Amino acid sequence: MAIPRSDDAPGGERSLRVGRVAAPLRSQALVVLRQAILDFHYKPGQRLIERELMADLGVSRTTIREVLRELGSEGLVTSIPQRGLIVASPSLKEAREVYEVRRALEELAMRAFIEKASNEQMSRLRAALTAFENEAGEGGDFRALLRSKDDAYQVVLEGGDNDAVRTITEGLRARVRALDAASLGVPGRPAAELGELRLIVQAAERRDAGAAVAAVHAHVDAASAAGLAALQALDASGV
Amino acid sequence: MSSPWGEGGAPERSLRVGRVAAPLRSQALEIVRTAILDFHYEPGRRLFERELMEDLGVSRTTIREVLRELGAEGLVESLPQGGVTVVTPSLKQALEVYEVRAALEALAVRYFAERATDAQVAELRGALDVFERAAGDGGDLLALLRSKEDVYDIVLAGAANGSVESIQKGLRARVRALDAASLSIPGRPLAEVAELRLIVQAVERRDPDGAAQATAGHVRRAAEAGVAALSGGAVRSDIVPSDGHPTV
């Protein structure tokens, strides 16, 4: 997935240039770079070179270093002897561990959502599912597909109203996001995932915590199997 | 002082960074983190860069980096008017953290029951005995808290999931003052011993469901006690006396 550099993208959408607004540059640069990693503008295993990042984002070396340190603590960037900083690409063991934890946290998030979500939040969850459905078929936009899934998570995490669950789940998702994306690229997986998500949303709409949690478990288990298979394929191809 | 903090030879209250090979920043981070966790810098206390520079003997740049890192860990927060304070979690935040801990601690205990070696199970039993003795003789609160954390650490190591381990340790740090408050309630340490014993017994039977259930119940009761103590204002005044060293 080759993505043009900011200067050949007149549409603006892909520009990584940090805007000159009031928020501290460092926070803005952090948000921009984090999103660029999550969107595979910088791919897992890719080297991150300070000079290039300075040019891409239009900020100082000091800011870039601080941002990289922060992304390191989030697990998105890792340092490799002889190679410098690279976009993290989880080991099979780490990925397995992350999926084990997600199973427990997503159960917690779903229980909280069913207990506390407003009807408006419930409709937003349904809308995210519909968006996922629209992009899951032939000719759908892959990024829009990923984004609709993000929207679904965001609604559930907001509706559950537990900051600890929200921040930890978001951190864990970021760490295996490359795998989630790779697994959604496997033929047939978007349709299967749609079926899993639909079961979750239907149970949530009935406010049936037992069924929703069972559906969440089934979904995380399937996503985990697909993600780990994708990681093994990635490793085998020597990326 | 020739011995750096990491070897246990430093006087407990000295915060001075030793001149050893590890980057100063990591050393300073570890020292300030420990000072917060041991209530040397108590919840709500304002941290001044100049004071930290003097306490630790490192540069302002290093202190700023350390404070930023501790901010990311949720141990300090920036004040709107500038400067930082040691975080005092709100009741809502504390309850949220305990909810996650209950779920993840239950997960860790489940994996421990499934995966731990017999030697690790024996180690867990031994750590529980140590905690029981500490609870029985009403020793100092920090020692009691540490011996309980040793029990948890063995569970996290035996559960063999690095993600659970790092998340749990981070969450524990954020509500440590509340854990201390909970343990300071008369009768609570011995009640905890009984709760933990149920968990260890289930683990010894290699009963993951029973162990997970006992764990969820234990964390819930610990949370209730902590919240009761927090509502009673015990965290600031009773647990953390002015010299920063908590006592029962």
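Q: How much space lies in the second largest cavity, and why is it called a cavity?
A: In this predicted model, the second largest cavity holds about 170 Å³ of space. The word cavity applies because a 1.4 Å probe fits there but cannot get out.

Q: Which residues lie closest to the centre of the second largest cavity, and what makes a residue part of its lining?
A: Of the 20 lining residues, the closest to the centre are B:Pro43, B:Val87, B:Pro89, B:Arg174 and B:Ala177. They count as lining because each has an atom within 4 Å of a point of the cavity.

Q: Which elements give two or more residues to that lining?
A: These are α1 (24–37), α7 (162–174) and α8 (176–183) of chain B. The largest share, three residues, comes from α8(B).

Q: How do the residues lining the second largest cavity divide by class?
A: There are 15 nonpolar, two polar and three charged residues. B:Pro43 and B:Val87 line this cavity, and Pro and Val count as nonpolar, so both belong to the nonpolar class.

Q: What is the volume of the largest cavity, and which residues lie nearest its centre?
A: Its volume is about 260 Å³. Nearest the centre, among 19 lining residues, are A:Met110, A:Tyr153, A:Val156, A:Leu197 and A:Ile200.

Q: What makes A:Tyr153 a nonpolar member of that lining?
A: A:Tyr153 is counted as nonpolar because Tyr is placed in that class here. The whole lining has 14 nonpolar, three polar and two charged residues.

Q: Which helix gives the most to the lining of the largest cavity?
A: That is α6(A), with six residues.

Terms used:
Residues numbered from 1 in each chain as written. Chains lettered and ligands numbered in written order. Predicted model: local features only at pLDDT ≥ 70, side-chain atom pairs only at ≥ 80, totals over all residues. Heavy atoms only, no water. 1 Å grid on protein atoms, 1.4 Å probe; cavity = no way out; pocket = protein on both sides within 12 Å on 5 of 7 lines; lining within 4 Å. Points joined across faces, edges and corners; volume = space filled by probe spheres on them. Helix = DSSP H or I, 4+ residues; strand = E, 2+ residues; numbered from the N terminus.
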